[in-house]
Protein chains: 2
Amino acid sequence: MSPRRRYDRGVTTRAESAAATRRALLTSAAELLDEGGLEAVTLRAVGARAGVTRGAPYRHFPDKESLLIAVGTQAWERLGERTRTLRADPELSAAGKLRGALTALIGVGRTQPHLYKVMFSNPPGDPAALARAAEPTQTEFLAIVADLVGERDARRYAALLIGSASGIAGMEVSGQLPHEKWGGVSAEELVDILVGMVAGEHRPA
Amino acid sequence: MSPRRRYDRGVTTRAESAAATRRALLTSAAELLDEGGLEAVTLRAVGARAGVTRGAPYRHFPDKESLLIAVGTQAWERLGERTRTLRADPELSAAGKLRGALTALIGVGRTQPHLYKVMFSNPPGDPAALARAAEPTQTEFLAIVADLVGERDARRYAALLIGSASGIAGMEVSGQLPHEKWGGVSAEELVDILVGMVAGEHRPA
DNA sequence: GTGAAGAGATGACAACGTCATCCGAAATTC
DNA sequence: GAATTTCGGATGACGTTGTCATCTCTTCAC
C-alpha cells in the first residue's frame, strides 16, 4: 500500500497541514465521543479516524486529557457564541433571551450527552480546566440575567439559574427525569417554571 | 512471608468470610475514590487494600463497573436514610425538611466530590443503574415536596428542586461557583433562595 | 471420610497511554 | 541552489490495567 504522501491532504504548506491534522484530531475525538461515549475515545481510534497513527496526537496535545479538554472547551465556545447571538437579538425579551440560553444548554445535554458530561468534568491533571473554559459563556449569561433582574441580584440569580439548568439537564442526561413518577416533565418545562419564578419575583414593583 | 490462612479474618465460616471480603472491597473502593478520585480506583489497588489479590474481586462483582455501581448505590441508600429521618422529624417544618434534604445532597458533593460524580454517572454497561439506585431516595424526597406544595404540583416541583440542587452542587464540585464574579455565593444560599421561591409560590392563598 | 463447591492465588493476554527513536519532507540559511 | 535545521508522523517498546482460565485449598454437605 503506497504510503500516502505526508503534508498532502489537499494543502501544501507544512503549517497548514499540521493545523488541518489538529482539527481532524479534534473533530475525530468529538465524533467518537458522540457515538460511543468516553470509553470509545482512545488515542488510537482518534488517530485512525484522523488518518494518522497512535503517536501523532502527541505532536498537537501533550496527552489524552488535553485533547478532551480541547473538545470540551470548543463546546463551551460554541455555546458562548449562541448565547451572545441571543443576547444581541432585539426581537427577544430579557426573559426570552434567558429561556433561549438555558434551552441551548439543555439542548447540548439532550443531543450530545457525552459531550455534555465532558463540559462539566474535572480532569485529574487540571481540574479547573473546563471551569475556565466555561467562564466567558457564563459571563455572557450573567449579562442576560442582569437585564432581567438588575445588577444587584444578577450574580446570585445567574448562579442559581445556570446551576439549576445544568442540573436539570444533567438529570435528563442521567435518565432520571423521564420517569413517569415525575409526571413526564421535560427539562424545558422545568426551566420555564424556573424563569417564571425568577421573573415573577422581579415584576415591576 | 507466611501466607495468612484464608477464610480467617476473625470470622470462621466461609460465608461470613466471603461477606466480610465483599464489604472490605466496597469500603476499599470507596476510600480510594475519596482519596484519589476515579483514576485511583483500580481493581489491583482495591484488592490490595482489602487484603486480597487482583483477581479476587471477580468472586464478588462481575466487573469493575459493577463494583463502582455498588459504591454509588450505597451512597444513594445512605442519603435515602438521611432523607427519611428528616421527613419523620416532627420538629421540622415542611420547608425545613426540604432544606435539610437538599443540604444533605450538597454536603455529599462538598465532602465527597468524587463519590458525588459516581452517584450521577452513567456506566457504559448499564447506564440506568445509578438512576435506579437513586429512585427510592427521590421518592422520599417527593413526599417531602408534596407536604409543602401539595400533591398536584409535587412531581413537577420535586423534579425542579432535586435537579436544581444537584446542578448547583455539581457546579460547586466543578469549581464553577466559588468564583468572585458570582459574588461568592454558596450552594446553601442558592438552595435557600430556591426553597423560598417555591414555598413563596405556595403561601396560604 | 469422601466428594462437591467456592473463595482466593497465579499466570497470561489484549488494549491502552506514553515515551524514545527514527524517518522524511518542508522550511531556513548561506 | 545546496546544506542544514525543523518538526510532523511512523514505529517499536514498556508499564499499567481489566479480564479470563486455571489451579489450589479450605469449608460444607452427605
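What share of the atoms of DNA strand C within 4 Å of the protein belongs to sugar or phosphate, and what share to bases? Sugar or phosphate takes 51% of them, and the rest belong to bases. This is a predicted model, in which local features need pLDDT of at least 70, side-chain atom pairs count only at pLDDT 80 or more, and totals for chains, interfaces and linings use all residues. Side-chain values use heavy atoms, with hydrogens and water left out, residues are numbered from 1 along each chain as its sequence is written, and chains are lettered from A and ligands numbered from 1 in the order in which they are written. Here is a tour, from the fold to the DNA.

**The fold of chain A**

- Chain A has eight helices and zero strands; helices (H or I, at least four residues) and strands (E, at least two) are DSSP runs, numbered from the N terminus.
- Along the sequence, the pattern of chain A reads α-α-α-α-α-α-α-α.
- The C-alpha trace of chain A spans about 75 × 40 × 30 Å along its principal axes.

**Salt bridges**

- Side chains of opposite charge can pair when their charged atoms come close.
- Over all chains the count is 20 salt bridges, a salt bridge being a side-chain nitrogen of Lys or Arg within 4 Å of a carboxyl oxygen of Asp or Glu.
- One of them joins Glu31(A) to Arg49(A), with the closest N and O atoms 2.8 Å apart.
- That pair links distant parts of the chain, as Glu31(A) sits in helix α1 of chain A and Arg49(A) in helix α2 of chain A, 18 residues apart.

**How the two copies are arranged**

- Two copies of a chain are related by a rotation about an axis and a shift along it.
- Here, a rotation of 180° with 0.0 Å of shift along its axis puts chain A on chain B, with an RMSD of 0.0 Å; the fit is by least squares on the C-alpha atoms of residues with pLDDT of at least 70 in both.
- The two copies are thus related as by a two-fold rotation axis.
- Of the interface residues of chain A, 100% are also interface residues in chain B, so the copies meet through the same surface.

**Where chain A meets chain B**

- Chain A brings 45 residues to the contact and chain B brings 45 residues, where contact means heavy atoms within 4.5 Å.
- About 3700 Å² is buried between chain A and chain B, and carbon and sulfur atoms give 64% of that area; buried area is the accessible area (1.4 Å probe) that two parts lose on being put together, summed over both.
- Lys181(A), Trp182(A) and Met197(A) lose the most area to chain B within chain A, together 20% of what that side buries.
- The rule finds zero salt bridges across the interface of chain A and chain B.
- Between chain A and chain B, 11 residue pairs are in polar contact, both at pLDDT 80 or more; a polar contact is a pair of N or O atoms within 3.5 Å, and within protein one must be able to donate a hydrogen and the other to accept it, while residues adjacent in sequence count only if both atoms are side-chain atoms.
- On the side of chain A that touches chain B, α5 (113–119), α6 (129–149), α7 (151–173) and α8 (187–201) of chain A each supply at least two residues.
- The largest share of that side, 14 residues, comes from α7(A).
- By class, the side of chain A that touches chain B has 24 nonpolar, 13 polar and eight charged residues; Ala, Val, Leu, Ile, Met, Phe, Trp, Tyr, Cys and Pro count as nonpolar, Asp, Glu, Lys and Arg as charged, and the others, Gly among them, as polar.

**Around DNA strand C**

- 26 residues surround DNA strand C, and the closest are Arg44(A), Thr21(B), Thr53(B), Arg54(B) and His60(B); a residue is near a strand if one of its heavy atoms lies within 4 Å of it.
- A phosphate oxygen of DNA strand C is 2.7 Å from an N or O atom in the side chain of His60(B).
- For the side chain of Lys64(A), an N or O atom is 2.8 Å from a phosphate oxygen of DNA strand C.
- The side chain of Arg59(A) has an N or O atom 3.4 Å from a base oxygen of DNA strand C.
- The surface near DNA strand C holds eight nonpolar, six polar and 12 charged residues.

**Around DNA strand D**

- DNA strand D is surrounded by 25 residues, the closest being Thr21(A), Thr53(A), Arg54(A), His60(A) and Arg44(B).
- An N or O atom in the side chain of Arg54(A) is 2.5 Å from a base nitrogen of DNA strand D.
- α1(A) gives the largest share of the surface near DNA strand D, three residues.
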